[in-house]
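Subject: Structure handover

Hello,

I am passing this structure on to you, as agreed. Please look through it first; my notes on what was found follow below.

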Amino acid sequence: MRSPLQAQVVQWLVQVGDAVAAGDVLVIVEAMKMEHEIRASHAGRLGELFFQAGEAVNEGEALGTLQPIAAADAAHAAAHDASPSAHAAATATPSSAPSTTLDPQAPRADLQRLQTRLAFTHDAQRPEAVAKRHALGLRTARENIADLCDAGSFIEYGALAVAAQSRRRSADDLMRNTPADGMVTGIGQIHGQRVVVMAYDATVLAGTQGMRNHQKTDRMLGIALQNNLPVVLFAEGGGGRPGDVDVAIVAGLNLTTFAAFARLNGRVPVVGVVAGRCFAGNAAFLGCCDVVIATKDSNIGMGGPAMVEGGGLGVFKPEQIGPSHVQHGNGVIDVLVDDEAQAVAAARHYLSFFQGAQSDWQAPPAQALRQVVPENRLRVYDTRAAMQGIADVDSLLMLRTGFGVGIHTALCRIEGRPVGMLANNPSHLGGAIDADAADKVARFMQLCNAHGLPIVSLVDTPGFMVGPDMEEKAQVRHVSRMFVAAAHLRVPYLSVVLRKGYGLGAMAMTAGGFHQPLCNVAWPTCEFGAMGLEGAVRLGYRKELEAVPEGPEREALFDQLLAQQYDNGSAIHMASTLEIDAVIDPADTRQWLVAGLQSGRVAPAAGPLSIDTW
């Protein structure tokens, strides 16, 4: 038996004369502070030993002799302690396998310690905290993650972390009461594709931000950025935590976590989900997300009650700060839902649009589009019916419905292809574009542009809203965002004019001009002009109108001139002058859009892409 390496003999496990089977451990040797098992290469009987425990042996030196015997004989001899016979040299086999046979069903001690430790991170270990959560009608962080991710796909990072408070609390206390430092992080799958998931745990230190969970966040953000993985953040929590005393800091303003989170912007889809209360630092992360999904019982604010009171700004209950109806109406919340189950479903739906085309889709009835626009040109209608009539069945996800209501924005699919869709809303200001609607659309364009989604624009607008009240709201700057955002698009842009296409507003809805889109078509109900027809008649024919007495005669002249302008600005006339590409049967709209989507290409980004937080 020769030593396979230079080592020191630690222990012989057999004695001279013992019968051994192939694979039995004969001797333990140690090299570089690591122990190696030398096993019998064949059945045999141990003869002379040349080295004893504590002695050094060189590589290749003989440790002893092993006389070969039949395997059956070795077993019989070992059982009956048979006499030794002649010796023969044998080759020893090193191994790191265990020297004793263990019951595979019995847990090893080290594995048992791990399982015991991990058990403290599970909801089942904290029934009282879970019961309180459920009593509020809310779910735990782990329940939300389990619902979000494909079954069995979530792997957790940093589960064994505890709050950085060992100088003021015992290890057992921290293990039992601050599991995962109040934040569950890891990687899961949604629709079969990997996603980084981070969830503040409101049952642990109120979901506050501690030093360790900031470290966990930094780790996950780095993974997301390096591997282009989408991020879902469950942001409920109270902001920074002052009780972490293990780190020698004064204010902690040197943290890199917020900058790291912001660097995801424009690089990967980032989804924020909120139920309950989300204040301070948690809200700052939420505000950096591409989309915010929140429940009706949520409260979102840059400062909670303690911070507000500390600033001398009054005493308020948490429910009074940033309630959902306020944050939905001002545009902070993109998707408002009833509960966490709906929030998770919305997050999965949203992310699906950034996971490629789908082969399983259903077209809506095309003929229904013919009835969307009323024959009466002054009659209000709902352009969301056009959106639903164009999008694949059940694919439409409306965004920011409480804000900028003059323009609808949504993600949807057309023959399985994900697209962004926007449409003027004639029910609000007759479809005129105000500051909020312009801000909403400009950001929506940036969202689609950053993540490579083509844009479909459904146009029905008399133009930008004007007047002294509008100008007090910086209308000039706000509406101009639409031109600037469109000028930087790298994705195909397709326009369909449903009824009114007037002035600068219509140009802004068509990416800056009627020939900027890949295709720009109109329904037969359309009317066009450099400005609203009524205004154009009053302004352009003022002298003619003033020359006629007020009353029925002037009204008749006005109606006559208006009819002329309407005929001149008809869709057919516009197409004949090549200012639009075609006038189409509304039932053929999807056919045109599909052709455009098949023809268009997403250009490589010329530089860093970003999405405004507003």
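Contact here means heavy atoms within 4.5 Å, and angles run from 0 to 180 degrees between N-to-C directions. Please keep in mind that this is a predicted model.

The sheet

I start with the sheet, since several of the later points refer to it. Seven strands form an open sheet with mixed pairing, in the order β9-β10-β11-β12-β13-β15-β17. Its edges are β9 (155-157) and β17 (335-337), each of which pairs on one side only. On average, neighbouring strands of this sheet are turned by 20° against each other, with direction ignored.

Within the sheet, β9 and β10 run antiparallel and are joined by three bridges. One bridge partner pair there is E156 with G186 in β10. The strands β10 and β11 also run antiparallel, joined by eight bridges, and V184 stands opposite A199 in β11. These two strands, β10 and β11, form a hairpin with two residues between them. In that turn, H191 has a positive phi of about 55°. As for burial, β10 is mostly covered, with seven of its eight residues buried.

Further along the order, β13 (residues 270-274) and β15 (residues 291-295) pair in the parallel sense over four bridges. There, G272 has V292 in β15 as its bridge partner.

Helices on the sheet

Which strands does α11 lie across? They are β10, β11, β12, β13, β15 and β17, and α11 runs at about 160° to β15. Helix α6 lies across β9, β10 (183-190), β11 and β12 (231-234). Its direction is at about 25° to β10.

Helix α11 also holds S352. Is S352 buried or exposed? S352 has 6% relative accessibility and therefore counts as buried, the cut-off for buried being under 20%. Leaving aside neighbours within four places in sequence, S352 is in contact with H191, Q358 and R413. Of these, H191 is the residue already mentioned in the turn between β10 and β11.

Helix against helix

Two helix pairs are worth setting out in turn. Two packed helices are described by the angle between their axes and the distance between the axes.

The first pair is α4 (residues 141-148) and α11 (residues 340-352), whose axes come within 9 Å and cross at roughly 40°. The two helices are therefore oblique to each other. In this pair, α4 passes α11 in a right-handed crossing. On the α4 side the residues are N144, D147 and L148, and they meet E340, A341, V344, A347 and R348 in α11. By class, the residues of this contact are four nonpolar, one polar and three charged.

The second pair is α13 (residues 435-450) and α15, with axes that come within 8 Å and cross at roughly 20°. That makes α13 roughly parallel to α15, since angles under 35 degrees count as roughly parallel. The crossing in which α13 passes α15 is left-handed. From α13, the contact takes in A435, A438, D439, V441, A442, R443, M445 and Q446. From α15, the residues are Q475, H478, V479, R481, M482, A485 and A486. The classes in the contact of α13 with α15 are nine nonpolar, three polar and three charged residues.

Positive phi in two alanines

Most residues other than glycine have a negative phi. Where in the chain is A206, and what is its phi? A206 is found in the loop between β11 (193-200) and α6 (211-227), and its phi is near 60°, a positive value in a residue other than glycine. With a relative accessibility of 47%, A206 counts as partly exposed.

A474 also has a phi near 60°, again a positive value in a residue other than glycine. A474 is found in the loop between α14 (468-471) and α15 (475-487). Its relative accessibility is 35%, so A474 counts as partly exposed.

To go through the model yourself, you could begin with β10, which pairs with β9 and with β11 and has both α6 and α11 lying across it. From there, S352 in α11 leads through its contact with H191 back to the hairpin turn.

Regards

How values were computed. Residues numbered from 1 in each chain as written. Predicted model: local features only at pLDDT ≥ 70, side-chain atom pairs only at ≥ 80, totals over all residues. Heavy atoms only, no water. Parallel < 35°, antiparallel > 145°, perpendicular 65-115°, else oblique. Left-handed = near helix turned anticlockwise from the far one by under 90°. Nonpolar A, V, L, I, M, F, W, Y, C, P; charged D, E, K, R; others polar. Buried < 20%, exposed > 50% of the residue type's maximum accessible area, 1.4 Å probe, protein only. Pairing = 2+ DSSP bridges.
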